[in-house]
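Trainee: I am new to this structure. Please take me closely through one part, the aromatic rings and their surroundings.

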Amino acid sequence: MVYDGKTFIGAGAVVFYSVMPTFHNSTGKKAYIMNIYTDPAYRRQGIAMHMVDLLVQEAKAKGYFQITLEATQMGRAVYEKYGFRQMTDEMELV
């Protein structure tokens, strides 16, 4: 959670989980970044980028190097600037 004094201005989270190990992820450890939010009055000041960086660094410090997220159109530029790339091989049962 991010505050400006006592005013809530943003939040973000990371979930840690395990999957079957694969050639590309021999530990099976995965991290999923979610719920990145910045109050509209505080946007375009680097707050979301800083939150993403803190969450990525936390994941890496715990040994989670496969890190994913889902991006809204609004957030896509932030994530791409950080280095995230669009995935094309996942499918979802609807």
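Mentor: Here is a walk through the aromatic rings, one pair at a time.

This is a predicted model, where local features need pLDDT of at least 70, side-chain atom pairs count only at pLDDT 80 or more, and totals for chains, interfaces and linings use all residues. Residues are numbered from 1 along each chain as its sequence is written, and side-chain values use heavy atoms, with hydrogens and water left out.

A pair of aromatic rings is described by the distance of the centres and the angle of the planes. Rings of Phe, Tyr and Trp (its six-membered ring) pair if their centres lie within 6.5 Å; planes under 30 degrees apart count as stacked, over 60 as edge-to-face and the rest as tilted. The count comes to five aromatic pairs.

Start with Phe 8 and Tyr 37. Their ring centres are 6.5 Å apart and their planes meet at 10°, so this pair is stacked. Phe 8 belongs to strand S2 (residues 7-18) and Tyr 37 to strand S3, so the pair ties together parts 29 residues apart in sequence. Strands here are DSSP runs (E, at least two residues), and helices are DSSP runs too (H or I, at least four), numbered from the N terminus.

Now look at exposure. Buried means under 20% relative accessible area, exposed over 50%, and partly exposed in between (1.4 Å probe, protein chains only). Phe 8 is partly exposed at 34%. Tyr 37 is partly exposed at 35%.

Next come Phe 16 and Tyr 64. This aromatic pair is tilted, with 4.7 Å centre to centre and 45° between the planes. The pair links distant parts of the chain, 48 residues apart: Phe 16 is in strand S2, and Tyr 64 is in the loop between helix H1 (47-61) and strand S4 (66-69). Phe 16 is partly exposed, at 28%, whereas Tyr 64 is buried, at 13%.

Tyr 64 has a charged partner as well. The charged end of Lys 29 sits over the ring of Tyr 64, 5.1 Å from its centre. For that, NZ of Lys or CZ of Arg must be within 6 Å of the ring centre and within 35 degrees of the ring normal.

Back to Phe 8 and Tyr 37. Ring pairs link them with Tyr 3 into a cluster. Tyr 3 is in strand S1 (residues 2-4). Tyr 3 is partly exposed, with a relative accessible area of 47%.
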